[in-house]
Amino acid sequence: MLYAKYSKKSVDKKDKKYIYYEFKDANTEHILRYKGGYYSFDSKKDIINIFPSHKEDINKLYKRTENLSNNDDSILMTMIVKQLNSII
């Protein structure tokens, strides 16, 4: 099971009379529940540390989905975890 924790970063904008607050997206934290434990990961290396026996499969999955890594991390992580579920 994959969980994603989205967070925002607050930025204060000051005008002559007012203070404005802007909220920008911060890093998304991905958490994987596997065999009763929770593992936080943000990169391919982190996933390989969780599943060291499936290193070759993980490398193949990343090669197939490398064009998504530039667009959206959440979509990439979701696809990789779904494909890992079918392997494991």
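Two residues are said to be in contact when their heavy atoms lie within 4.5 Å. With that in hand, H54 makes a friendly starting point. In this predicted model, H54 sits in the loop between α1 and α2. Once residues up to four places away in sequence are set aside, H54 touches I87 and I88. The relative accessibility of H54 is 18%, and buried means under 20%, so H54 counts as buried.

The wider picture comes next. The protein contains 3 helices and 5 strands, and the order along the sequence is β-β-β-β-β-α-α-α. The strands therefore precede the helices in the pattern. For the 88 residues, a compact globule would have a radius of gyration near 12 Å, whereas the protein has 17 Å. Along the principal axes, the C-alpha atoms fill a box of roughly 60 × 30 × 20 Å.

What share of the residues is buried? Buried residues account for 22% of the 88 in the protein. The exposed area comes to about 6900 Å², with carbon and sulfur atoms supplying 48% of it. Among contacts with a separation of 6 or more, 35% involve residues 24 or more positions apart. As for charge, there are 17 positive and 12 negative side chains, and the centres of these two sets lie 1 Å apart.

Strand β4 (29-34) offers a closer view of the strand part of the chain. Both H30 and I31 belong to this strand. H30 is buried, at 2% relative accessibility, while I31 is partly exposed, with a relative accessible area of 23%. The cut-off helps here: buried means under 20% and exposed over 50%, with partly exposed in between, so the 23% of I31 places this residue in the middle class.

Which residues does H30 contact, leaving aside its neighbours within four places in sequence? The list holds L2, Y3, A4, Y39, S40, F41, D42, D73, S74 and M77. Of these contacts, D73 can be placed in helix α3 (residues 73-87). I31, with neighbours within four places again left out, is in contact with M1, L2, Y3, Y38, Y39, S40 and F41. Y3 deserves a second look: I31 and Y3 are 28 residues apart in sequence, yet their C-alpha atoms are 5.0 Å apart in space.

After β4 comes a loop that leads to β5 (37-41), and K35 lies in that loop. K35 has a phi near 50°, a positive value in a residue other than glycine. Most residues other than glycine have a negative phi. K35 is also exposed, with a relative accessible area of 73%.

The helices can be read in a similar way, beginning with α2 (residues 55-64). I58, L61 and Y62 are buried in this helix. Why do the buried residues of α2 line one face of the helix? Seen down the axis of α2, they fall within an arc of 95°, so they share one face. That buried set packs against α1 (44-50) and α3. On the other side of α2, E56, K63 and R64 are exposed. For R64, the relative accessibility is 58%, and exposed means over 50%, so R64 counts as exposed.

I80, in helix α3, shows the packing from the partner's side. Is I80 buried or exposed? I80 is buried, with a relative accessible area of 0%. Apart from residues up to four places away in sequence, I80 touches I47, L61, Y62 and T65. Two of these contacts, L61 and Y62, are among the buried residues of α2, and I47 falls within the range of α1 (44-50).

Distances from I80 round off the description. R64 and I80 are 16 residues apart in sequence, and 9.8 Å separates their C-alpha atoms. Y21 and I80 are 59 residues apart along the chain, with 36 Å between their C-alpha atoms.

Notes:
Residues numbered from 1 in each chain as written. Predicted model: local features only at pLDDT ≥ 70, side-chain atom pairs only at ≥ 80, totals over all residues. Heavy atoms only, no water. Helix = DSSP H or I, 4+ residues; strand = E, 2+ residues; numbered from the N terminus. Rg over C-alpha atoms; globule rule 2.2 N^0.38 Å. Buried < 20%, exposed > 50% of the residue type's maximum accessible area, 1.4 Å probe, protein only. Areas by Shrake-Rupley, 256 points an atom, 1.4 Å probe, with all protein chains shown as cover. Lys, Arg positive; Asp, Glu negative; His and termini not counted. Charge placed at Lys NZ, Arg CZ, Asp CG, Glu CD. Arc of directions from axis to C-beta.
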